[in-house]
Amino acid sequence: MSIKPKRFRAQPMTRLLAGNSSSPGDLGNLMRMARVIDRAQQYLREHLPQEVREHIFVGGYRQGKLTLITDRAVWMTWLRYEQTRLLQLLHQLPEFETVTGLIFKVRPVSPPKVPPRLTRGLSARAADEISCCAADVDDPMLKRSLERLATHAEANEDSSSPLK
């Protein structure tokens, strides 16, 4: 028994995207499904009331059921009441004539959490120490870097600080 990995030969991109069902990495069906879902999303957005449009997303299509995702439970309740009308709308599209039902899911969208910005200050005392170090350094590049660093001292620090 060999444990050597099986190597597949590289295939042209056109063959992968063509949707040949015998190919192992079939991207064609995935691309077609993405286009169909996008079409349903656009069609529903065109026909939904203005206040609902931004809250409804098509999540997938599987075994005759279309999944609709919303960000709040109130919109899911509205979708359930409008289920018959939505199915009639979808049946107008040739790709969705065979839709037998809808699945509703609530997925709250949380705003992206922005990491807090870490701001560091340089006290006047630390800036003085860095300036003293810069005066004693022979390397010109290091000396310029230390002097530049010393200029970042906090301008609003009180000069009557007991640490000075």
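**Reading a sheet, a core and a buried glutamine**

Guide: The side chain of Q41 reaches the backbone nitrogen of V58 at 2.6 Å. The model is predicted, and this contact is a convenient place to begin.

Visitor: In which element does Q41 lie, and which residues does Q41 touch beyond those up to four places away in sequence?

Guide: Q41 belongs to helix α2. Leaving out residues up to four places away in sequence, Q41 touches I56, F57 and V58.

Visitor: Does Q41 count as buried or exposed, and why?

Guide: Buried means under 20% relative accessible area. Q41 counts as buried because its relative accessibility is 14%.

Visitor: How does helix α2 lie with respect to the strands?

Guide: Helix α2 lies across β1 and β2, and runs at about 140 degrees to β1. Another helix, α5, packs on the sheet and touches β2 and β3; the direction of α5 makes about 120 degrees with that of β3.

Visitor: In what order do the strands of the sheet come, and which are the edge strands?

Guide: Three strands form an open sheet in the order β1-β2-β3, with mixed pairing. An edge strand pairs on one side only, as β1 and β3 do here. On average, neighbouring strands are turned by 25 degrees against each other, direction ignored.

Visitor: How should the mixed pairing be read, strand by strand?

Guide: One takes each pair in turn. β1 and β2 run antiparallel and are joined by six bridges. F57 has I69 in β2 as its bridge partner, while the partner of I56 in β2 is T70. These two strands form a hairpin with two residues between them, and Q63 in the turn has a positive phi of about 50 degrees. β2 and β3, by contrast, run parallel, again with six bridges; L66 has L102 in β3 as its bridge partner.

Visitor: Which residues of the largest nonpolar core touch the most other members?

Guide: That core has 22 residues, and L66, L68, L86 and L102 touch the most other members. The elements that give two or more residues to the core are α2 (28–47), β1 (56–62), β2 (65–70), α4 (73–81), α5 (83–91) and β3 (101–106).

Visitor: What is L86 in contact with, leaving aside its neighbours within four places in sequence?

Guide: With those neighbours left aside, L86 is in contact with L44, L48, L68, L79 and L102. There is also a second, separate core of seven residues, including A127, I130, V137 and L146.

Terms used. Residues are numbered from 1 along each chain as its sequence is written. This is a predicted model: local features need pLDDT of at least 70, side-chain atom pairs count only at pLDDT 80 or more; totals for chains, interfaces and linings use all residues. Side-chain values use heavy atoms; hydrogens and water are left out. A nonpolar core is a set of buried Ala, Val, Leu, Ile, Met, Phe, Trp, Tyr and Cys residues joined through side-chain atoms within 4.5 Å. Buried means under 20% relative accessible area, exposed over 50%, partly exposed in between (1.4 Å probe, protein chains only). Helices (H or I, at least four residues) and strands (E, at least two) are DSSP runs, numbered from the N terminus. Contact means heavy atoms within 4.5 Å. A polar contact is a pair of N or O atoms within 3.5 Å; within protein, one must be able to donate a hydrogen and the other to accept it, and residues adjacent in sequence count only if both atoms are side-chain atoms. Two strands pair if DSSP finds at least two bridges between them. Axes are lines fitted to C-alpha atoms, for helices over the stretch in contact, and angles run from 0 to 180 degrees between N-to-C directions.
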